[in-house]
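The report below goes through one protein chain, from its charged pairs to its helices and its surface. Please keep the sequence and the model in view while reading.

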Amino acid sequence: MFQRKDRGAQRCAPVAAKGRKMSDASINASRAYEDEASFGDYFALLKPRVMSLVVFTALVGLLAAPVGVHPVVGFCAILFIAIGGGASGALNMWWDADIDKVMKRTKSRPIPAGKVEPGEALALGLALSGLSVIMLALAANVFAGAFLAFTIFFYVVIYTMWLKRRTPQNIVIGGAAGAFPPMIGWAAITGDVSIESVVLFAIIFMWTPPHFWALSLWRDIDYAKAGVPMLPVVAGREATRRQVVFYSILLFPIAVMPYFLGYAGVIYGAGSAILGGLFLYGAVKVWLKKDEKSAKQLFAFSLLYLFLIFALLLGETIVKGLL
């Protein structure tokens, strides 16, 4: 009886084993399908959140310029500036894949997650860089195209490849790359730069250090593991908090300057002063309370701050054009 049972089990074993093999094959096929890069993975290489900021600030710079904007030229200019910004993001992710892999905030990005090969990110970034620069030069003017090319170079080579891993001032100097878009938008319509566009640049430039240092105050362990010399890692949290207050003080008068230069109205002047006061209050709170919650609150508010500053200027520009 026991022998027959054993024989039956033996006869069933190949079937069970075959079933397991088929099941394993199905699982592996499913996993392979899930691991294939999707359009969303390639789009994530372009850093869409950063790209949205690039697009918005460039649009404000373009519309604030004191000349008429042809709708087609304006649309093409913003489109190619956005593509250039996305290209910078892809090249940044290609170069930083090694440190992205060890940082909690970035380890799910397409390259460290194994969704996209580094070579693919490099090829995409280079292709989009060339396309955006050439097309902006053709659609708007050569100066704007050259300015976009310089911005991509500055972000990828000067900031990503050189400054980011070598100096705690990486955000201060490298922040210029993120501050150029409104100047490029302005240049796409006027063919040059002016004090007005430089002020728009200066607002983002001064905003960048307290924005990123607020983030690094509660992500400093991540940066230390990755070997990135962010200010809290190198100089300590207390020194970083003081710098957050210092740059927030500098930001206040610069953000109000469009009103005093005459290309923004009373609403912008009052709104920027109120927002600047709130920003400074948040920075002082970070300095005095010395807790993670205050740093997170300032980081979140800094995003809202920059959006509202440029939204106020955009709103006034649109209203002025309608009157």
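## Salt bridges between helices

Asp 220 and Arg 237 form a salt bridge in which the closest N and O atoms are 2.8 Å apart. This pair links distant parts of the chain, since Asp 220 belongs to helix α11 (residues 220-226) and Arg 237 to helix α13 (residues 237-261), with their positions 17 residues apart in sequence. The model is a predicted one. The two partners differ in their cover: Asp 220 counts as buried because its relative accessibility is 12%, under the 20% limit for that class, whereas Arg 237 is partly exposed, with a relative accessible area of 38%.

A further salt bridge joins Lys 290 to Glu 238, the closest N and O atoms being 3.0 Å apart. Here too the pair links distant parts of the chain, with Lys 290 in the loop between α14 (266-289) and α15 and Glu 238 in helix α13, 52 residues apart. Lys 290 is partly exposed at a relative accessible area of 41%, and Glu 238 is likewise partly exposed, at 29%.

## Other charged groups

Asp 96, Asp 98, Lys 164 and Arg 165 are joined into one network by salt bridges that share partners. Arg 109 forms a salt bridge with Asp 100, where the closest N and O atoms are 3.2 Å apart, and both Arg 109 and Asp 100 are buried. In general, side chains of opposite charge can pair when their charged atoms come close. The count for the model comes to nine salt bridges.

## Helix α3 and its cover

The 17 residues of helix α3 (residues 48-64) should span 24 Å at 1.5 Å a residue, and the end C-alpha atoms are 24 Å apart, so the expected and computed values agree. The buried residues of α3 are Met 51, Val 54, Phe 56, Thr 57, Ala 58, Val 60, Gly 61, Leu 62 and Ala 64. What covers these buried residues includes α4 (71-95), α9 (181-190), α10 (195-217) and α15.

One pair of positions relates α3 to α15 directly: the C-alpha atoms of Val 60 and Ala 311 are separated by 8.0 Å, although the two residues are 251 residues apart along the chain. Ala 311 is found in helix α15, and with a relative accessible area of 25% Ala 311 is partly exposed, while Val 60 is among the buried residues of α3.

## Ser 294 in helix α15

Ser 294 also lies in helix α15, which comprises residues 292-322. Because its relative accessibility is 3%, Ser 294 counts as buried. The side chains of Ser 294 and Asp 291 are joined by a polar contact of 2.6 Å. When neighbours within four places in sequence are left aside, Ser 294 is in contact with Lys 285, Val 286 and Lys 289.

## Surface and overall make-up

Leu 131, Ile 134, Met 135 and Leu 138 make a nonpolar surface patch of about 380 Å². Of these, Met 135 lies in helix α6 (residues 118-139) and counts as partly exposed at 30% relative accessibility. The chain as a whole exposes about 16100 Å², of which carbon and sulfur atoms supply 69%.

The secondary structure comes to 15 helices and zero strands. Buried residues make up 46% of the 323 residues in the chain. Among contacts with a separation of 6 or more, 73% are accounted for by residues 24 or more positions apart.

Key:
Residues numbered from 1 in each chain as written. Predicted model: local features only at pLDDT ≥ 70, side-chain atom pairs only at ≥ 80, totals over all residues. Heavy atoms only, no water. Patch = residues over 30% accessible without salt bridge, like charges linked within 9 Å, V, L, I, M, F, W, Y side chains within 5 Å. Areas by Shrake-Rupley, 256 points an atom, 1.4 Å probe, with all protein chains shown as cover. Salt bridge = Lys/Arg side-chain N within 4 Å of Asp/Glu carboxyl O. Helix = DSSP H or I, 4+ residues; strand = E, 2+ residues; numbered from the N terminus. Buried < 20%, exposed > 50% of the residue type's maximum accessible area, 1.4 Å probe, protein only. Polar contact = N/O pair within 3.5 Å; in protein donor to acceptor, adjacent residues only side chain to side chain. Contact = heavy atoms within 4.5 Å. Expected span 1.5 Å × (residues − 1).
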